[in-house]
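Trainee: I should like to go through this structure with you by question and answer. May we look at the sequence and the coordinates together?

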Amino acid sequence: MTAIVAEHVTKRFGGFEAVSDVSFEVPGGQFLAVLGPNGAGKTTTLEMLEGFSAPTSGTLRVLGTDPHRGSRAWRARIGLVLQSTSLDPGLTARDTLALFAGLYPDPRPVSEAIEIAGLAADARTKVGVLSGGQRRRVDLAIGIIGRPAVLFLDEPTTALDPEARRHTWTAVENLATSGTTIVLTTHYIDEADHLAQRILVLADGRIAADTTPARLRAQAGPATIRYVLEDPGVARALPARLAPHLEPDGRTLLIRSTDIAGVLRELAGFAERHRLGLAGLEVGPPSLEEAYLTVIDSQPSPEGNRT
Amino acid sequence: MSNDAGTATPVVPRAASPGHAAVARLPGTPRLLAGQIGYQVRQLLANGRTLAIGIGLPVILLIASKGKGSAPDVAGYAAFGLTITAWASYGVRLVAARESGLLKRWRASPLPRWCYFAGAILATTLTAVIAGAVAVAVAVLLWGSHFGAGPSIQLTGRGTAAILIVFALAALAWASAATAVTSLIPSVEAAFPTLTLIYFPLVIVSGVLFSLNEPSWLSTLVTYLPAQPMIDAARNAVHHAPGVPFIPGRDAAVLAAWAAGGLLVAILTFRWEPHRPRGHAGTRPTRSPRPDVG
């Protein structure tokens, strides 16, 4: 079953086009990460999927329904965590969850939601005095209290410390394995890599890549080899293949190549001939971040035509 | 009035047996509305400041006028407290809930949207009536049931019922109007001054605390605004003369019209989303010119 369908969705605010002709489908149970820099249209897209606003043109369906016209029954099947926390500071986490649980036909028990979100220690504390990270957990617990079929997470870990992030990841992973369709926006590449089965990269309101973490990594291109000559004097003796890669400082070799073995053989031979140590040699794998930046940078300017 | 009435939102799934998901139905709206009223009342009561103004102010004014020996204006004082509760405090709370993103969160939930309004307005009305009842009770404690000089001027059981009905109607009118006005208020900081600037002159001109020698066009105008009919009706209930209805029809009609009109405007113009998204600094889209007003 297809959980989400977007067909040629465009959203304009006045003269500003936040989302331009975006089309994608999300099968039920998939974990999709929407990745992109600030202003790429991630939140605008998510808010249309959540029903807060209608597309200027194009069609959206979430669980077969136009989100902007979603009924109560439809909203009962959608869970969401908004980009900024939105809680009544005067209630405890437990009371907040009990209040929201009462809105759903088949809510998760409050204690279970508290357990999943990792709130047990703070369940009876007023939300207003919780830390930012703890409040995000309450947001997450509200998002899942109704046993949603589709869960939207808008930057759920932004501003969290690493430990809180890890915990949120675990909670979200558990939901994903239980068959919930999840759409997550983030600008952390490692988050998308860790959690998602599929990555949609948005840039300037357009889909720049629709890929998987593995394929994105494969797209990353050459590895980077870096070696600093302790004595710049030997630079003159560099083999022809390496010499062009000497940085302007006259001592740093920075080589981007897919033929790692070949480069290393040349470098090792050169080092042996000149009795140089190789302790400072660095070989960097192609990073997801690099792949992501390559995808973003290869985008035409906002005014340019999309091919 | 138990303050946890209706707040007992079910913690466990309604159906007792497992495997009920297929037959689970959306909770009925009466239960949802009761839950909202309970939630809002609990929030109002938990916030001592709201109570301090709504109940405390009339009581302070009553005690302060004890020395004069003559009848205190219990109706006027209580009505003054009511406008603060049902207009200013309520309006500020509503703007704060909107600007903090709370309303947006409710809007995305399966709660029918009208239930949020209705819950907030009815809870405010309930609080305002309680505050009015306390003011009347304190007046009775201090002066007995005789207000004023003549034997005909006294607070009867029916008069008490009438004044509470007037308070309920007036609170409904003020809270509905406040709901309508909040969509024009851009921030929590602006809420209190804006709301105060509207109700305070109105309440004074309407003769809540003392009589002004206002121009006649102004005294005609205020009979169409919610403050003067509220005070007139409340005083009429306390200083009730035989042969006169306990609640003047015209006053009730003006208040009812404000309640209905306020609700209508609120439904048409209500704003669920904050004016400025409260994103974490540095994570907001840098180029978005303004948030979606839709």
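Trainee: To which sides do the residues of strand 5 (residues 78–81) of chain A point, and are they buried or exposed?

Mentor: This is a predicted model, in which local features need pLDDT of at least 70, side-chain atom pairs count only at pLDDT 80 or more, and totals for chains, interfaces and linings use all residues. Residues are numbered from 1 along each chain as its sequence is written, while chains are lettered from A and ligands numbered from 1 in the order in which they are written. Strands (E, at least two residues) and helices (H or I, at least four) are DSSP runs, numbered from the N terminus. A residue is buried if 20 or more other C-beta atoms lie within 10 Å of its own, exposed if 12 or fewer, and partly exposed in between, with C-beta atoms placed from the backbone. Ile78(A) and Leu80(A) point one way from the strand, Gly79(A) and Val81(A) point the other way, and all are buried.

Trainee: Which residue stands opposite Gly79(A) in strand 6 of chain A?

Mentor: Two strands pair if DSSP finds at least two bridges between them. Strand 5 and strand 6 (residues 150–154) of chain A run parallel and are joined by four bridges. The residue opposite Gly79(A) is Leu151(A).

Trainee: In what order do the strands of the open sheet that holds strand 2 of chain A lie, and which of them stand at the edges?

Mentor: Three strands of chain A form this open sheet with antiparallel pairing, in the order 2-1-4. Each edge strand has a single partner strand, so one side of each is left without a neighbour in the sheet; the edges are strand 2 (16–27) and strand 4 (57–62) of chain A.

Trainee: By how many degrees are neighbouring strands of this sheet turned against each other on average?

Mentor: Axes are lines fitted to C-alpha atoms, for helices over the stretch in contact, and angles run from 0 to 180 degrees between N-to-C directions. For this sheet the average, direction ignored, is 20 degrees.

Trainee: Which residue in strand 4 of chain A does Glu7(A) stand opposite?

Mentor: Strand 1 (residues 2–13) and strand 4 of chain A pair in the antiparallel sense over five bridges. The residue opposite Glu7(A) is Thr59(A).

Trainee: What distance separates the centres of domain 1 and domain 2 of chain A?

Mentor: The bounds come from an automatic or database domain assignment. That assignment gives domain 1 (2–212) and domain 2 (223–284). Taken over C-alpha atoms, their centres are separated by 47 Å.

Trainee: Which helix packs on the open sheet with the order 11-10-12 in chain A?

Mentor: The sheet has three strands and antiparallel pairing. Strand 11 (252–257) and strand 12 (282–284) of chain A stand at its edges, each with a single partner strand, and neighbouring strands are turned by 15 degrees on average, direction ignored. Strand 10 (residues 223–228) and strand 11 of chain A pair over six bridges, with Arg226(A) and Leu254(A) as bridge partners. The helix that touches strand 10, strand 11 and strand 12 of chain A, at about 10 degrees to the direction of strand 10, is helix 9 (residues 260–273) of chain A.

Trainee: Why is helix 3 of chain A largely enclosed by the rest of the structure, and which elements do its buried residues pack against?

Mentor: Nine of the nine residues of helix 3 (residues 93–101) of chain A are buried, so the helix is largely enclosed. Arg94(A) and Asp95(A) are among them. Contact requires C-beta atoms, placed from the backbone, to lie within 7 Å. The packing partners are helix 4 (110–117) and helix 5 (132–144) of chain A together with helix 1 (29–46) of chain B.

Trainee: Leaving aside neighbours within four places in sequence, which residues is Thr50(B) in contact with?

Mentor: Thr50(B) is found in helix 2 (residues 48–64) of chain B. Thr50(B) is buried, with 22 other C-beta atoms within 10 Å. The residues in contact are Leu44(B), Thr85(B) and Ser89(B).

Trainee: Which element of chain A has the lowest mean pLDDT?

Mentor: The pLDDT is the predictor's confidence in each residue, from 0 to 100. Chain A averages 88, and 95% of the residues score at least 70. Strand 4 of chain A has the highest mean among the elements, 96, and the lowest, 74, belongs to helix 10 (residues 288–297) of chain A.

Technical notes: Contact = placed C-beta atoms within 7 Å.
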